[in-house]
Amino acid sequence: MFTVIGIMFGGVAVGYLLRKIPFLQHIGKPISYTIFLLLFLLGLSVGNNEAIINNFSTLGLQAFLIALAATTGSVVAAWVVYRFFFREDKK
């Protein structure tokens, strides 16, 4: 887990240092398509895993609550970041 977080922060640092390169300013759409492809492949992997499919009914409520908590936490964190870093004062 720390490896993934370290790689992400490394990417942020490199992106910050290379932010003036014009090519990198237009990389948003390809990244979005890559993420969509990875999510699709993850879905294929889950759908292909018999252990997950066979125990789908037992995962139910617990999986829903975990997903709801994660989504709520992400929305709250995004709101806090927006409020303190990106919102323009209307003064």
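Accessible areas here come from the Shrake-Rupley method with a 1.4 Å probe, and for residues only the protein chains shown count as cover. With that in mind, the protein chain exposes about 8700 Å², and carbon and sulfur atoms supply 73% of that area.

Before going further, I should say that this is a predicted model, in which local features need pLDDT of at least 70 and side-chain atom pairs count only at pLDDT 80 or more, while totals for chains, interfaces and linings use all residues. Residues are numbered from 1 along each chain as its sequence is written, and side-chain values use heavy atoms, with hydrogens and water left out.

Let me turn to the overall fold. The protein chain has four helices and zero strands, where helices (H or I, at least four residues) and strands (E, at least two) are DSSP runs numbered from the N terminus. The radius of gyration, taken over C-alpha atoms, is 19 Å for the protein chain, well over the 12 Å that the globule rule gives for 91 residues, so the chain is more spread out than a compact globule; that rule is 2.2 Å times the number of residues to the power 0.38. Along its principal axes, the C-alpha trace spans about 55 × 35 × 25 Å.

How much of the protein chain do buried residues make up? They make up 0% of the 91 residues, buried being under 20% relative accessible area, exposed over 50%, and partly exposed in between, with a 1.4 Å probe and protein chains only.

Now to helix α1, which covers residues 2-17 and holds A13, and in which I5 also lies. A13 is partly exposed, at a relative accessible area of 40%, and its C-alpha atom is separated by 39 Å from that of L61, 48 residues apart along the chain. I5 is partly exposed as well, at 33%, and from C-alpha to C-alpha I5 and A67 are 20 Å apart in space, with their positions 62 residues apart in sequence.

Finally, consider helix α4, residues 56-86, where V76 is found. V76 is partly exposed, with a relative accessible area of 45%, and joins W79, V80, V81, Y82, F84, F85 and F86 in a nonpolar surface patch with about 910 Å² of accessible area together. Such patches are made of residues with over 30% relative accessible area and no salt bridge (a side-chain nitrogen of Lys or Arg within 4 Å of a carboxyl oxygen of Asp or Glu), like charges being joined within 9 Å and nonpolar side chains (Val, Leu, Ile, Met, Phe, Trp, Tyr) within 5 Å.
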